[in-house]
Amino acid sequence: MDKGVLATALGSPAPFGQSQFAFMRGNAFEAKVKADGGAELLRLLYERLGGGAEAPAGDAATPDLSAAGPEGRAARTALALREATAAGGWALLDHPMLALEVAGSPAYLEPDAVVVHPDGRWTVVEIKSFPMIDASADPSKVGAAARQAAVYVLALERVAAVTEGAEVGHRVLLVCPKDFSNLPTASVVDVRKQRAVTRRQLTRLTRVEDIAAGLPEGTTFDPACPPEELDAAVAAVPPAYAPECLAACELAFHCRARSRAEGAVETLGRSVRGELGGLTTVAGVLAAAGKEGDPADPTVAALRRAAALRAEALEGAEALRDGTRESGSVPRAGAPEGAAACR
């Protein structure tokens, strides 16, 4: 079920999405990078990650990856990777299809490109339309690209494990426009940290079968259902909302409304949630900052200290305002600074 359709049926559509202009610009830049059999892309990759191999010539392999359905395309990609590795030359796989098990179900992924080196190394290539200015790009966007590429690396490792002589590189090639032009430039991003984090997260995910087993009998997520029935079905699945969801999930606005209604501290961000230990609601946090809770608890002690500092600051500000009013030195609205003292 498409989450965007579900969010609309629940009355909380996500009012965001990539503009058509940005989409077309990204596609045009990617086509430019991959033109002429990917000659420019391979040149950039060789400059940054070529190693001791000979530079790729114009005869680099570009295997056909077309097949029926995502499962067929994933199988065709795996075969092309094995054949290219056995051939011992350069190969460029344009939009390969990879499979990765997520919570017990296959998820199909489509990186921009994967390059096979003559030595059997496989490199993920991510092509983005945000610029690199003076060889540096927006750190948040680079971080998002690194996390995305790390998932592709994990999926490739499954294929490499059954391919003789294959090795998946932990450094990926990020290709972006140079400065304010449409000319491509590239940078190497090490994704070992992101790969390790993603692997841990995948092992902790609850399997889809386990989630389904815990749902009430007859639960359905059909958007044609009455809104109250659909809302009850979604409520049966515990949400894991955080502000970061707003940038990636169509159901985020619905989950945020529920999280706020319940007073969950996750609404304030994962970092805040991590600092609050066993306190899971805003009401509980405010109570602990007052007179409830164990004073020996480090979290409760920190909250009370913060509450005392806040009260002290407010009292000081109020006293300062009262003193200013009594002295009659409050400047008139719109009067220049120092005008009150000259009256």
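Me: What makes up the lining of the largest cavity by class: how many nonpolar, polar and charged residues are there?

Reply: Happy to go through it. In this predicted model, the lining has 8 nonpolar and 1 charged residues, with no polar ones. The residues concerned are Glu126, Val142, Ala145, Ala146, Ala149, Val172, Leu173, Leu174 and Val189. Glu counts as charged, while Ala, Val and Leu count as nonpolar, so Glu126 is the charged residue of the lining.

Me: Which elements give two or more residues to that lining?

Reply: Helix 5 (139-160) and strand 7 (171-177) do. The largest share, 4 residues, comes from helix 5.

Me: Why is this space called a cavity?

Reply: A 1.4 Å probe fits there but cannot get out, so the term cavity applies. The search of the whole structure finds 1 cavity of 30 Å³ or more, and about 40 Å³ of space lies in the largest cavity.

Me: Now to the helices. Why is helix 2 called roughly perpendicular to helix 3?

Reply: The axes of helix 2 (residues 20-33) and helix 3 (residues 35-49) cross at roughly 85°. Angles of 65 to 115 degrees count as roughly perpendicular, and that makes helix 2 roughly perpendicular to helix 3. Their axes come within 6 Å.

Me: Which residues make the contact between helix 2 and helix 3?

Reply: Helix 2 brings Ala31, Lys32 and Val33, and helix 3 brings Ala35, Gly38, Glu40 and Leu41. By class, the contact has 4 nonpolar, 1 polar and 2 charged residues.

Me: What makes Gly38 the polar one?

Reply: Gly is counted among the polar residues, so Gly38 falls in that class. Lys32 and Glu40 are charged because Lys and Glu count as charged.

Technical notes: Residues numbered from 1 in each chain as written. Predicted model: local features only at pLDDT ≥ 70, side-chain atom pairs only at ≥ 80, totals over all residues. Heavy atoms only, no water. Axes fitted to C-alpha atoms, helices over the stretch in contact; angles between N-to-C directions. Parallel < 35°, antiparallel > 145°, perpendicular 65-115°, else oblique. Contact = heavy atoms within 4.5 Å. 1 Å grid on protein atoms, 1.4 Å probe; cavity = no way out; pocket = protein on both sides within 12 Å on 5 of 7 lines; lining within 4 Å. Points joined across faces, edges and corners; volume = space filled by probe spheres on them.
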